[in-house]
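Reader: Could you go through this model with me before I start on my own notes?
Author: Gladly; please put it up.
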Amino acid sequence: MHNKDNVTERVLRISGVNARRCMKCGKCSASCPSYDEMEYHPHQFVYMVESGDVEPLLNSRSIYKCLTCFACVDRCPRGVEPVKLVEAIRLEVIREQGANHLRADDVPAKIDEDVPQQLLVSAFRKYAK
Amino acid sequence: MQVSEYKPRIVAFCCNWCSYAGADLAGNNRLNYPAEVKIIRVPCSCRVNPSFVLRAFQRGADGVIICGCHPGDCHYTSGNYYTRRRMAMLFSMLEYLGIEKERTRVEWVSAAEGAKFAATMNDFVETVAALGENKRLEDLRCKR
Amino acid sequence: MQAISSRTLVDIAAKKLASGEVSAVLGWKKGLFNYDVTPAVFTDEKDLAENFVYTDFCAANLSKYLVNETKKPEYRADNRKILVFLKPCDTYSFNQLLTEHRIHRNRVYVVAVPCNGMIDLTGAPYEKCVNCKSKKAVVYDELVGENGEVIDSNRFDEVERIEAMSAEERFAFWQNELSRCIRCNACRNVCPACTCEKCVFDNPASGLENKAISDSFEEKMFHIIRAFHVAGRCTDCGECSRVCPQHIPLHLLNRKLIKDMNEAYGEYQAGAVEGSRAPLVNYSENDIEPAEAVGKGGNNA
Amino acid sequence: MPRIGVFVCWCGSNIAGTVDVSTVSEAVKNEQGVVFSTNYQYMCSQSGQDIIKNAIRKHNLTGIVVCSCSPRMHEATFRKTAAAAGLNPYMVEIANIREQCSWVHKDMLTGTQKAIVLTKAAIAKVNLNSPLTPGESPVTKRALVIGGGIAGIQTALDIADAGFPVDIVETKPTIGGKMAQLDKTFPTLDCAACILTPKMVDAAQNDKIRIYSYSEVEEVNGFVGNFDVKIRRKARYVKEELCTGCGLCTEKCPQKKVPNEFNMGMDNRRAIYIPFAQAVPKVATIDADYCTMLKTGKCGVCSKVCTAGAIDYKQKDEIITERYGAIVAATGFNPISMDKFDEYAYSQSKDVITSLEFERLTNAAGPTAGKLLRPSDGKHPHTVVFVQCVGSRCAAAEKGKEYCSKICCMYTAKHAMLIRDKYPDVEVYVFYIDVRTPGKNFDEFYRRAVEEYGVHYIKGMVGKVSPEGDVLKVQASDLIANKQLHIDADLVVLAAAIEPDKSARSLATMLTASMDTNDFFTEAHPKLRPVESPTAGVFLSGACQGPKDIPETVSQAGAAASKVIGLLAKDKLIGNPCIAHSDEMMCNGCSSCERVCPYGAITYVNKEFRMPDRTTLVRRVASVNEAVCQGCGACTVACPSGAMDLRGFTAQQIMSEVDAICK
């Protein structure tokens, strides 16, 4: 499992974001094209990381709904860069020790004829621990 | 023999209007920096004669830092512009003579930059401490 | 060999003396041997004819002598002039002294003399002549022969060589050089930029003077402070190195500053233009920071 | 022989907590010159000062060192103390053992050791101090106010009221500034023109006040008490003294397509114009950029219709020079450019406007005669969205400003309220980050907008405005509902951040007054001297010092005026004696010092010297104008001979400090 304190620290380190700069204006969420798809919204990412409440984010599908369009980065008046937190949390999930996001058994069902072999190999490298 | 922890001697020339006030602000905000730093108040950084810098080295200082208002913000309009040129030339000369260039520094610290003052001093003391005692200028005229 | 003979110059000076247009002539006087030529003031034509020389040993820059000569009562009393012979490089010093208001221009009659380079008593050319920066006389009342051109010299090569050394090597180099200094003050006394009414090193009030103790401030810092005092005012006439009895290459200190100032603040030749503003009494709002200026040349860049 | 007293202050536990004060006073007892040394709880207190005074008298002290807080805090106090005991005030040195010692070091031993060194350095310096007497300079009893907005007008009125003549220089053709453009003023909703224009008239009619409208400050020389100012009176091609302000020319001028800056470019004016009906001076001005006559030499309609014969196409800029004792900067503010905020579609849609444009839109004298109509099609809007903090509190310097513009929360509440008052059918949304309404009756005002007028205040920001057809699609967040909102608006109003007027920077350079990184003028002290610039004789009024609303501006204007009056009431000014001094015997007359002096304080004189041979030598030597020199010391380093030194900070004094520190 994730160590609660460490994971927050790691997310902040990986992202390079200073969540304390946030003045909670919500312009990131106001700009977000995926807002309605997301359970947690960009401003909540910032707030939750700042308050060390990262666990729900790790388990949320929201991290995959982010389009990484950088609208939040562009518009944020404080230069907080929320998308970098989303990306850092995605990485945190990927890097999680012992978490197999891709099992060999799952593969046949997902295979599409057009999928290159190399993609499968690299997917295993990335998502199977 | 046990050598006690080496403490460098640092002379900081601070202009009255910006950097000295910045140092005061560091105090007001209780921002720590090493006690090795001793401040001399001058009206403007342009009052600092290169010979004062050399005098400090000659009397055993290990590092000398000159702090003034940011260029463009000098209380006397242009004093720090002269400082910038004079010290650039002096430091370059010292470096040319083989004196470690890290022993000298010019930093622009405004009256509002207490945190910068403390951070600068911490960094400068650390840098100078790493160099050790200022031997070279002392030995410049002595035969090996 | 100089292209102009002593005779030519004596004739010019003698005529001026005879006409009363000048009351004295500052030139070079021969000594016991052909190499010991000394600067001298001639006031009568006979002395001039017998003792004035212009040879390969006339390296001395005569401009500095004018500071005190023109202060003498005979020049003050009425508007009488002194005639001086200046080689091209000496004219830069003269111009710099005019810039600093150290000489009354109207008390001097300048005769510019071409120079083919000067040699020391061993017959070797002086460094300042090997790396001659200009054959062009920049100020004169009368020009003997043809005026030359500013030379694209290699005078900064040696500075660059030192800059390229490691800090340890540089230190070793300068320690080796400066440790020979005997503080005879010859460099200061000959320097045409060092014309202060009272030198800071002789002035107890300056905080720099300290003669008794060899380990003193003055001793260690003398050359650095001196280089700094003449920074922007030094025309690179090379007299300091020429007269140093210990053969310390003092010009390399001044040239380092000239090179640095040229690179950081734009080309500036002290004495080239009368009244010009030296880099250290000038500024630009976007000058480089001291940290950037240090070690720009050489391997620390 | 110097007889020095050392007084170590505990500053309660501020110093004594980290510095062993008795060890300090004991340790310096045998320093050179020290004959007395003591410590006390509060040296700056009356009883502390008495200790100093008594010691000076009892021990015949020639100099004192006070080890206390920063000299920037109490140097003046202790100088007065010394003077009261008959000691020259410049025989006092302060060892800063609080801000630069006890407050930055934690450990008692370290703190005490450093305090001792700092004290020794101060003792070494005071040994070399010499008594100094300040010079005096006269005061010109006339003030200059730069900027004719409400700040400048109020300052000038108050100065004139005290009986001193004052000139207002205003770059626009009329005084009045931003306030003249406003509709109503918060929190009382009285109309801006109703309260401003009487003041403008007062200024015009006051015989102590001269108004130089359409003029700019070109050059400032001199110093406190004696500023020589060059003012450029720009050619308005209308003789001010002849023009009656009848306005006939402004009706007949055939050049009708000039954007009207007074209405924020939302309608047009003529090439010859009077900015607004109540302009002061009410004089027409020809806009040379648009006037056909001035550009092509063909037209002359205004000249033909002018019965007063006031039109003068040949008028030239005129430079006048005047001497002032004090200068007040009142250059005001402007809204920032919206160019960098593409997301709000300001440049794409006419219906996205700034708040200042909205002021004109609701003003009865504005382009729509006060009716709320969309600029694009003149239709009545049904949904209006206000966006707060556009460019304010923005960390990205290239986009906006890091500070809070302070006035936006209140004027937005005012705008929202005015709309709802006149047009209850209009839905008004205000997107805010925080609502900041400190001030008398301010929060009540904002609450009224919400509670009585039903303005929808939504905590959140607008992320995007996209014009689609004739609606503005507003995408925003509602942070409390945790929802993203999509509103079809008819009008979007941006509360643009405010910034100092562009002219402030060049003016600051002329005045040698300092500015902060945002180009607001810096105060001499942010709390205790808020209306003075650090440059003596320069005062600050209004938004040029920082964002402020009208009540604050008027109070500051009055405060600045009272400081000016205090200065002008003096017949003489006592100068700073810590200034440069040239030793004539050593001066080479080389001009190096003159070249670096920022104040032109150094001149050269030909001085006669008696020579040893009994003749006289005339030599060129530097001479420092003591009233002009500010004591920076640039000259002392430029001087090769060391003839130039700085009183109070002599080379020997500084070197003695260096020596004491490095010992």
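Author: What follows takes up one chain, a helix, the cores and an interface. This is a predicted model, in which local features need pLDDT of at least 70 and side-chain atom pairs count only at pLDDT 80 or more, while totals for chains, interfaces and linings use all residues. Residues are numbered from 1 along each chain as its sequence is written, and chains are lettered from A and ligands numbered from 1 in the order in which they are written.

Reader: How many helices and strands are there in chain A?
Author: Chain A has nine helices and zero strands, where helices (H or I, at least four residues) and strands (E, at least two) are DSSP runs numbered from the N terminus.

Reader: And what share of chain A counts as buried?
Author: Of its 129 residues, 37% count as buried, a residue being buried if 20 or more other C-beta atoms lie within 10 Å of its own, exposed if 12 or fewer, and partly exposed in between, with C-beta atoms placed from the backbone.

Reader: Switching to chain B, why is helix H1 described as largely enclosed?
Author: Nine of the 10 residues of H1(B), residues 19-28, are buried, so the rest of the structure largely encloses this helix. Among the buried ones are B:Tyr20, B:Asp24 and B:Leu25.

Reader: What covers them?
Author: The cover includes strands S1 (10-15), S2 (37-42) and S3 (63-68) and helix H4 (114-131) of chain B, together with helices H4 (71-84) and H5 (98-102) of chain D. After H1(B) comes B:Arg30, with a positive phi near 55°.

Reader: Which residues have the most contacts inside the largest nonpolar core?
Author: They are B:Val11, C:Val84, D:Ile64 and D:Cys67, in a core of 216 residues; such a core is a set of buried Ala, Val, Leu, Ile, Met, Phe, Trp, Tyr and Cys residues joined through C-beta atoms within 7 Å. Helix H3 (residues 79-96) of chain B supplies the largest share of this core, 10 residues. Apart from it lies another core, of 138 residues, including D:Val169 and D:Leu472.

Reader: How many residues do chains D and B put into their contact?
Author: Chain D gives 37 residues and chain B gives 39, two residues being in contact if their C-beta atoms, placed from the backbone, lie within 7 Å. On the side of chain D that touches chain B, H19(D) gives the most, with eight residues.
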